[in-house]
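Here are my notes on the model you asked me to look over. Have it open while you read, as the points go residue by residue.

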Amino acid sequence: MRFRYKIYLCVLVLFLLALDASAFALLQKSYDQNKQMDIWRGTIEYETVSETLNHLIDGTAGGRKISDVSLRQLIDSFSQSLPGTSMELYRDGTLFFSNTIYFEGDRPELHSASPMSVYRNINGRLRLYVGSTLTQEGLSLSLSRDANYLTEYYHLLLRYFIFLSVSISVVLSLFLLFFLRHLMRPIEQLGKAANEIAEGDYSQRVPVKTHDEIGALAENFNKMAEAVSEQIQELTLLNEEKEQFIRNLTHELKTPIAILHGYSEFLQNANCSDAEKSLALRYIQEHTARLEQLTGRLLELLRLRNEALCREEIDIPALFASVQSLSDSILEKKHLTLRSETQVQTLCGDHILLQTALMNLVENAAKASPDGSEIKLCSRKEDGSTVLEVADHGCGIPKADLAHICEEFYRVDKSRSRASGGLGLGLSICRLIAQLHGGSLEAESTYGAGAAFRLVLPDISAQNG
Ligand code: ADP
C-alpha cells in the first residue's frame, strides 16, 4: 500500500473515532439532561397534585378514614383537571382508581414515602411514573405521562449525527486525498530523481519549493546529487587521464622495442659486416639507454605521487645558486647566462623537490634558447603566493600546445624532441611537485620570442607542513 494511503487511512480512522466518540458523548449528555428536566417537571406536578389531594381528603374525612364513595367522587373530579396525565390510586394495596393502562410489574414508587420517579416502556412507548404514599393511611398515588418524545428526540439526534458523520467523512476524505497528494509530490519527485541518478543520469535535481523538512530534504538531496556528479566527473576525468597515459606510454615503448627487435634480427643475419654489426649494437645501446631513462623518469613520477613532502624553511638565493651550479654543464654548452633575481628570500617547501623542478625548467629553457642568450631565474610574491619563475628568450611554444604542455609525454615537436632525448615527462614532474606544495605550474609564451614557466606556491609555514 502506498505511504499516502496509509496516512490517509490513519488520519481518517482517528478523526472519525474522535468525532463519533465526542458526538456520542454529547448525544448521551443531552438525552440525560432532557430526562432530568422531564423528571423535575413530573415531580413538581406530582407534588402539586398529591398535596392538593391530601388536603382535600383530610378536609372531606375530617381526620377519619375517607369512605370509598367520597374518595371516588374526589378522584373523578380531580382526574379531569389533569389532561395528558394519567392517575392511579391504590387503597390498601389494591387498585382503587385508574384512567390508564394497568401495569402489572413491580411498583416501588407506590411504597415510597417521598415522590419517586420511574421510566417504563409500555407497549413500545416510554412513560414516566411518579408516585408515593399519601398522608391518609393505606392510600398510594401514581401519576404517569407519555415521555416518548425523549426517545424520539434521541433517535432524531442520532440520525442527524449519522448523517453528519457520513457527510464529514466524505468531505474529509476528499480534502485529505487532495492535501496528501500535494504534500507527497516532493517526496515522489525525490524518489524519481534518485531512480534516474541510479540509472546514470547525474544531472537530475529536484525543485526546492518550501522551507520545511521536505524542503531541507530536497536541498540536501540536491547537494548529495551535486557531490556525486562532481565525483563521477572527477573519476571519469581520472580514468581518461589514466587511459591517455597508458596510450602514450605504449606509444613511447613501441618505437624503441621495434628498433631493438629489428636490430637484434639484423645481428642474427650472418651476412652483415663487422661495421654494420657495431652500428647495430650502438643503436641497440642508445635505445636501451633511452628505455632506462624512461623507466627512471616514470619511477620518479610514481615516487613523487606516493611520497610525503619534507617541508623546511628554504633560503631562495641558496636554492638558485645550487640550481646554477648543477646546470652549469648544460648552460656552458650553449654559452648561456643564468641570471638570478630574488625579491623573496625564503620559502617553506621541500628543498630537493623544488631544486629538481627548477633544474628541469632550466634544462628545458636551455634546450629552447639560442646560443649565447640569457635565462632568468627569479622569485617574487603574487597574490599571497611565492612564485619561482624560469624565463628564456628561446623558440617559445605555439598557443595550441600551451594548454597541453604539462601532460605526460607531450612534446611540441615530437620527432625533434625524441631525437634530442626528450621524454615529455619533465613538465609533468614539475607540475606534480608544484601540486604537492599545494600550488600549480603556469606556462606563458609568445611563439618565437621565449617562454616563462612559473611555480606558484601558496605560503604555508614550516610548522604546518
Ligand atoms: P622533455 O623531456 O621533452 O623536455 P618536458 O615535459 O620537459 O619534456 O617538455 C615538454 C615539451 O615542452 C618539450 O618537448 C618542449 O617542446 C616544450 N618545452 C618545454 N619547455 C620549453 C621552453 N622553455 N621553451 C620552448 N619549449 C619548451
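The points below start at the ligand and then move to the helix beside it, the cysteines and a few single residues.

1. A caveat before anything else: this is a predicted model, so please read every distance here as computed from predicted coordinates.

2. The ligand site first. The shell around the ligand holds 21 residues, and the closest of them are Asn-364, Asp-392, Leu-423, Gly-424 and Leu-427. By residue type, that shell splits into 12 nonpolar, six polar and three charged.

3. Which polar atoms of the protein sit by the ligand's nitrogen and oxygen atoms? On the nitrogen side, an N or O atom in the Asp-392 side chain is 2.9 Å from a ligand nitrogen. On the oxygen side the partners are backbone atoms: a polar one of Gly-424 at 3.2 Å from a ligand oxygen, and a polar one of Val-412 at 3.3 Å from a ligand oxygen. As for cover, the ligand on its own would expose 530 Å², of which the protein buries 91%.

4. Where does the shell come from? H7, helix H10 (426–436) and strand S12 (450–458) each give at least two residues to it. H7 has the largest share, with four residues.

5. That makes H7 worth a look by itself. The helix runs over residues 351–368, 18 residues in all, and spans 26 Å between its first and last C-alpha, close to the 26 Å expected at 1.5 Å a residue. Its N-terminal end is capped by Asp-350, with a side-chain oxygen 3.2 Å from the backbone nitrogen of Ile-352.

6. Now the burial pattern along H7. The buried residues are Leu-353, Leu-354, Gln-355, Ala-357, Leu-358, Asn-360, Leu-361, Val-362, Ala-365 and Ala-366. When you read that list, remember that an α-helix has 3.6 residues a turn, so residues three or four places apart point the same way.

7. How many disulfides are there? The count comes to zero. Cys-348 is in none, as the nearest cysteine sulfur, in Cys-310, is 9.9 Å away. Cys-348 is also buried, at 10% relative accessibility. Cys-395 is unpaired because the closest cysteine sulfur, in Cys-406, is 16 Å from its own, too far for a bond. Cys-395 counts as partly exposed, with 44% relative accessibility.

8. Two residues other than glycine have positive phi, so I'd check both by eye. Asp-92 has a phi of about 50° and sits in the loop between strand S1 (85–91) and strand S2 (94–98). Phe-409 has a phi near 65° and belongs to the loop between helix H8 (399–402) and helix H9 (414–419). Are they buried or exposed? Asp-92 is exposed, at 52% relative accessible area, whereas Phe-409 is buried, at 5%.

9. In strand S5 (residues 139–146) you will find Ser-142. Its relative accessible area is 0%, so Ser-142 counts as buried. The Ser-142 side chain makes a polar contact of 3.2 Å with the side chain of Arg-107.

10. Last, Arg-159, in helix H3 (residues 148–198). Arg-159 is exposed, with a relative accessible area of 54%. From Arg-159 to Cys-272 the C-alpha separation is 121 Å, while in sequence the two are 113 residues apart.

Notes:
Residues numbered from 1 in each chain as written. Predicted model: local features only at pLDDT ≥ 70, side-chain atom pairs only at ≥ 80, totals over all residues. Heavy atoms only, no water. Expected span 1.5 Å × (residues − 1). Buried < 20%, exposed > 50% of the residue type's maximum accessible area, 1.4 Å probe, protein only. Polar contact = N/O pair within 3.5 Å; in protein donor to acceptor, adjacent residues only side chain to side chain. Disulfide = S-S within 2.5 Å. Near = heavy atom within 4 Å. Areas by Shrake-Rupley, 256 points an atom, 1.4 Å probe, with all protein chains shown as cover. Nonpolar A, V, L, I, M, F, W, Y, C, P; charged D, E, K, R; others polar.
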